[in-house]
Amino acid sequence: MHRPYLLYLARSSLGSLLIGWVFAHASFILPLKRIRETKTIIAFHHPKPSYATHIILIPKKAIRGIHAVTRADGDTLIEIVQTANQIARELNLSNYKLIVNAGAYQDVMQLHFHLITDSTVV
């Protein structure tokens, strides 16, 4: 199975820099169905959901992945978890997962979290 060209770009060093820069400085240009946005994070519906509920939470700071998180990112991570919990309450989700992928499982080289339910999209 071949990956689309944009996915290859997103996984490249240049693509990673570009994606990180866009979220850090120009997230307003992204055509996303936003749920929540603050000075430091953005939460939006996944454009191609794999689950009945599939929400992405991303820091606006350029962070390549979970492996690149530093102590200085602590407040941002707390905000992401608190926001995920708030969104889950607002959507009346009693069972949900908050997932972060790394390595070969990470398609886009910008730290992001998936708030999902167990049921998949058919």
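A residue is called buried when its relative accessible area is under 20%. By this criterion, in the predicted model examined here, buried residues make up 34% of the 122 residues in the chain. The accessible surface of the chain comes to about 7,800 Å², and carbon and sulfur atoms account for 60% of that surface.

The secondary structure consists of three helices and five strands, and, read from the N terminus, these elements follow one another in the order α-α-β-β-β-α-β-β. When the contacts in the chain with a separation of 6 or more are considered, 56% of them are between residues 24 or more positions apart.

Helix α3, which spans residues 74-90, contains Thr76. The relative accessible area of Thr76 is 14%, and because this value is under 20%, the residue counts as buried. Once the neighbours within four places in sequence are set aside, Thr76 is found in contact with Thr40, Ile41 and Pro59.

Five salt bridges are present in the structure. In one of these, the side chains of Arg34 and Glu37 meet with an N to O distance of 2.8 Å. Glu37 has a relative accessible area of 35% and is therefore classed as partly exposed, and Arg34, at 29% relative accessibility, is likewise assigned to the partly exposed class.

A further salt bridge is formed between Arg36 and Glu90, whose closest N and O atoms lie 2.5 Å apart. This pair links distant parts of the chain, since Arg36 belongs to strand β1 (residues 34-37) whereas Glu90 belongs to helix α3, and the two are 54 residues apart. Glu90 has a relative accessibility of 52%, and because the exposed class begins over 50%, this residue counts as exposed.

Lys97 and Asp118 also form a salt bridge, in which the closest N and O atoms are 3.2 Å apart. Here too the pair links distant parts of the chain, with Lys97 in strand β4 (residues 97-100) and Asp118 in the segment after β5 (113-116), at a separation of 21 residues. The two partners fall into separate classes of accessibility: Asp118, with a relative accessible area of 55%, is exposed, whereas Lys97, at 41%, is partly exposed. Finally, salt bridges that share partners join Arg34, Glu37 and Lys60 into one network, to which the Arg34 and Glu37 pair described above belongs.

Notes:
Residues numbered from 1 in each chain as written. Predicted model: local features only at pLDDT ≥ 70, side-chain atom pairs only at ≥ 80, totals over all residues. Heavy atoms only, no water. Helix = DSSP H or I, 4+ residues; strand = E, 2+ residues; numbered from the N terminus. Buried < 20%, exposed > 50% of the residue type's maximum accessible area, 1.4 Å probe, protein only. Contact = heavy atoms within 4.5 Å. Areas by Shrake-Rupley, 256 points an atom, 1.4 Å probe, with all protein chains shown as cover. Salt bridge = Lys/Arg side-chain N within 4 Å of Asp/Glu carboxyl O.
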